[in-house]
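Have the model open beside you, and let's walk through it together. We will start with a question about contacts and move outward from there.

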Amino acid sequence: MEKRNLPNATAVLVLGILSIVTCCCYGIIGLILGIVALILAAKDLKLYQENPELFLNYNNLKIGRILAIIGIVLSALYLLVTVYFYVTVGEEGMNDFLENLKMKAEQQEQQDY
């Protein structure tokens, strides 16, 4: 029988990469993409374990799964830090902090010129 690709291996790889890239979007997007990637990876892993000799791109599945796990961890940490920051500092404190950062960046730009 002819070897073929696992149906979701490329999608798992792409979603794993995107989960890491989007972990800074308050952690929510990266978390969702990472979980979807793990669900798809579990389906393909089950398929691969039934007949490993039939499939070619198992490495893409493994790498995508690892990236999805890393993306989930980073996203969860970012989400926890964001929630902690909002709870302890509050929205007004957050706005003040961001304004201070903006002023410092503008001062740095003026010094560079």
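Which residues does Gly 30 touch, not counting residues up to four places away in sequence? Keep in mind as you look that this is a predicted model. The residues that Gly 30 touches are Ser 19, Thr 22, Cys 23 and Ser 75. Gly 30 itself lies in helix 2, and its relative accessibility is 0%, so Gly 30 counts as buried. Now find Gly 71: 41 residues separate Gly 30 and Gly 71 in sequence, yet their C-alpha atoms are 6.2 Å apart in space.

Two of those partners deserve a visit of their own. Take Ser 75, which lies in helix 3. Ser 75 counts as buried because its relative accessibility is 0%, and the cut-off for that label is under 20%. Setting aside neighbours within four places in sequence, Ser 75 is in contact with Ser 19, Cys 23, Gly 27, Gly 30 and Leu 31. Ser 19 and Cys 23 should be familiar, since Gly 30 touches them too.

The other partner is Thr 22, found in the loop that runs between helix 1 (9-21) and helix 2 (28-50). Is Thr 22 buried or exposed? With a relative accessibility of 15%, Thr 22 counts as buried. Beyond its neighbours within four places in sequence, Thr 22 makes contact with Ile 29, Gly 30 and Leu 33.

Stay in the loop between helix 1 and helix 2 a moment longer, for Tyr 26 lies there as well. Tyr 26 has a relative accessible area of 49% and is therefore partly exposed. Its backbone is worth a look: phi of Tyr 26 is near 60 degrees, a positive value in a residue other than glycine.

Tyr 26 also leads us to the surface. Together with Ile 28, Ile 29, Ile 32, Val 36, Tyr 78 and Tyr 86, Tyr 26 makes a nonpolar surface patch of about 640 Å². Which helix gives the most to the nonpolar patch? Helix 2 does, with four residues; Ile 32 is found in helix 2. Helix 2 and helix 3 each supply at least two residues of this patch.

Another patch has a negative character. Glu 91, Glu 92, Asp 96, Glu 99, Glu 106, Glu 109 and Asp 112 form it on the surface. To place it in the fold, look for Asp 96, which is found in helix 3 (residues 58-112).

Helix 3 also holds Thr 82. Its relative accessible area is 12%, so Thr 82 is buried. For a sense of distance, compare Thr 82 with Glu 53: these two are 29 residues apart along the chain, and their C-alpha atoms are separated by 45 Å.

Let's finish with Leu 6, in the segment before helix 1. At 3% relative accessibility, Leu 6 counts as buried. Which residues does Leu 6 touch, not counting residues up to four places away in sequence? They are Asp 44, Leu 47, Tyr 48, Phe 55, Asn 57, Tyr 58 and Leu 61. For one of these, Leu 61, you can also check the spacing: Leu 6 and Leu 61 are 55 residues apart along the chain, with their C-alpha atoms separated by 8.2 Å.

Notes. Residues are numbered from 1 along each chain as its sequence is written. This is a predicted model: local features need pLDDT of at least 70, side-chain atom pairs count only at pLDDT 80 or more; totals for chains, interfaces and linings use all residues. Side-chain values use heavy atoms; hydrogens and water are left out. Buried means under 20% relative accessible area, exposed over 50%, partly exposed in between (1.4 Å probe, protein chains only). Contact means heavy atoms within 4.5 Å. Patches are made of residues with over 30% relative accessible area and no salt bridge: like charges are joined within 9 Å, nonpolar side chains (Val, Leu, Ile, Met, Phe, Trp, Tyr) within 5 Å. Accessible areas come from the Shrake-Rupley method with a 1.4 Å probe; for residues, only the protein chains shown count as cover. A salt bridge is a side-chain nitrogen of Lys or Arg within 4 Å of a carboxyl oxygen of Asp or Glu. Lys and Arg count as positive and Asp and Glu as negative; His and the chain ends are not counted. The place of a charge is taken as NZ of Lys, CZ of Arg, CG of Asp or CD of Glu.
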